[in-house]
Amino acid sequence: MPHQHTGTDKAQILTEALPYIQRFAGKTLVVKYGGNAMTDPILESSFARDIVLLKTVGLNPIVVHGGGPQVDSFLKQLGRESDRIDGMRVTDAQTMEVVEMVLGGSVNKSIVNLINQHGGRAIGLTGKDGHLLRARKLFMQKTLEDGTVKQIDLGQVGEVVGVKTDVLEMFSASDFIPVIAPLGVDEQGNTYNINADLVAGKVAEALGAEKLILLTNIAGVLDENKNLLTGLSTQEVDRLIETGVIYGGMIPKVSCALDAVKGGVVSAHIVDGRVPHATLLEIFTDHGVGTLISNRTRTAK
């Protein structure tokens with residue numbers, strides 16, 4: 001028989017949350033939303049409720065979303081496929097049109113709608129709105145077997161070189177919750193597809209956010225014995241990358257969190273997005289449900 005929370009349990013949960021609500025009231029947090037949390041209806045609903053609750057108790061959440069699988073699915077419907085190099089999508093002009101339509105259109109608006117259905121006031125943006133994200137073309141470096149480094153052109157794939165924060169500050173200061181699609185534009189007006197983790201990290205840095213939260217499809221950062229590392233300093237993260245404990249697909253995500261903390265964000269959290277209400281649990285409970293990276297320890301949150 002499933003455990004039923006008693007009134008006392010519920011009161012305990014609420015009182016545990018109170019100091020965190022007080023401490024973070026008025027603070028900005030940037031949440032990267034993607035993976036399972038974005039495709040499972042129960043997790044979608046719990047995410048939207050979390051974001052609305054955060055705004056209601058006085059925090060200023062900003063959502064940055066991905067949408068790679070949705071882009072792949074739409075391309076397949078059109079009878080096309082993306083080439084990938086080391087997991088990075090090669091984005092030619094035709095593919096970019098689809099990326100912009102899916103990320104800036106259908107995916108962005110479905111997240112806005114979801115938050116609004118749960119009582120929030122979400123507003124959808126791309127990096128093109130109000131010159132929000134200034135981008136430049138990203139060249140990928142690939143080391144060949146002979147040790148030489150080759151630059152690979154991925155087409156209209158970019159990196160963030162500037163964030164114009166006034167638009168976000170205007171919305172956050174009101175009742176609106178910004179929802180950002182990871183598309184940027186350069187000074188010539190060319191559009192770029194940008195990794196959503198990178199966008200979230202750069203937005204958090206530019207705003208001097210209290211927290212960057214990256215929702216992932218894994219439990220967090222694991223040690224050599226596959227145990228969850230709940231709290232890490234920036235020095236410990238550097239060491240874990242050097243020694244190969246953090247490897248493969250986790251390196252870009254962890255590097256993004258690390259850069260944000262080194263760039264002034266108070267703490268970055270790599271959180272298991274497959275856990276319902278993961279965002280709330282990480283922010284408002286003593287133990288959290290992911291890996292926290294900061295210049296301090298987990299107890300300082």
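These legends describe close-up views of a predicted model.

**View A. The largest pocket.** This pocket has a volume of about 1,400 Å³. Its lining counts 48 residues, and Gly87, Met88, Asn195, Ala196 and Asp197 lie nearest the centre. Many elements contribute at least two lining residues each: helix H3 (68-77), E4, H4, strand E6 (133-143), strand E7 (149-163), helix H6 (196-207), strand E11 (211-216) and helix H8 (250-262). By class, the lining residues of the largest pocket are 21 nonpolar, 16 polar and 11 charged.

**View B. The second largest pocket.** Here the space comes to about 310 Å³. The lining consists of Ile13, Leu14, Ala17, Leu18, Ile21, Leu53, Val57, His277, Leu280, Leu281, Phe284 and Thr285. H1 and H9 are the elements that give two or more residues to this lining. H1 gives the most, with 5 residues. The split for the second largest pocket is 10 nonpolar, 2 polar and no charged residues.

**View C. The cavity.** A search of the whole structure returns 1 cavity of 30 Å³ or more. The largest cavity has a volume of about 60 Å³. Around it sit Ala37, Leu43, Ser46, Phe47, Asp50, Leu215, Gly273, Val275, His277, Ala278 and Thr279. Two or more of these lining residues come from H2, and two or more from helix H9 (278-284). H2 supplies the largest share, 4 residues. The lining of the largest cavity holds 6 nonpolar, 4 polar and 1 charged residues. His277 lines this cavity and also lines the second largest pocket of View B.

**View D. Stacked rings within helix H1.** The whole structure contains 3 aromatic pairs. One of them joins tyrosine 20 and phenylalanine 24, which are stacked at 6.4 Å centre to centre, with 15 degrees between the planes. Both residues belong to helix H1 (residues 7-24). They are 4 residues apart, about one turn of the helix. Tyrosine 20 and phenylalanine 24 are both buried.

**View E. Stacked rings between a strand and a helix.** Tyrosine 33 and phenylalanine 47 form a stacked aromatic pair. Their centres are 3.8 Å apart, and the planes differ by 5 degrees. This pair links distant parts of the chain. Tyrosine 33 is in strand E1 (residues 28-33), and phenylalanine 47 is in helix H2 (residues 41-56), with their positions 14 residues apart in the numbering. Both tyrosine 33 and phenylalanine 47 are buried. Phe47 is also one of the residues lining the cavity of View C.

**View F. Arginine 121 over an aromatic ring.** Arginine 121 lies over the face of phenylalanine 176. The distance to the ring centre is 4.3 Å.

**View G. Threonine 91 in its loop.** Threonine 91 sits in the loop between strand E4 (88-89) and helix H4 (93-117). Its relative accessibility is 1%, so threonine 91 counts as buried. Leaving out residues up to four places away in sequence, threonine 91 touches Met96, Val99, Leu154, Gly155, Gln156, Val157 and Asn193. The elements flanking this loop, E4 and H4, each supply at least two residues to the lining of the largest pocket in View A.

Terms used. Residues numbered from 1 in each chain as written. Predicted model: local features only at pLDDT ≥ 70, side-chain atom pairs only at ≥ 80, totals over all residues. Heavy atoms only, no water. Buried < 20%, exposed > 50% of the residue type's maximum accessible area, 1.4 Å probe, protein only. Contact = heavy atoms within 4.5 Å. Phe/Tyr/Trp six-rings, centres within 6.5 Å; stacked < 30°, edge-to-face > 60°. Lys NZ or Arg CZ within 6 Å of the ring centre and 35° of its normal. 1 Å grid on protein atoms, 1.4 Å probe; cavity = no way out; pocket = protein on both sides within 12 Å on 5 of 7 lines; lining within 4 Å. Points joined across faces, edges and corners; volume = space filled by probe spheres on them. Nonpolar A, V, L, I, M, F, W, Y, C, P; charged D, E, K, R; others polar.
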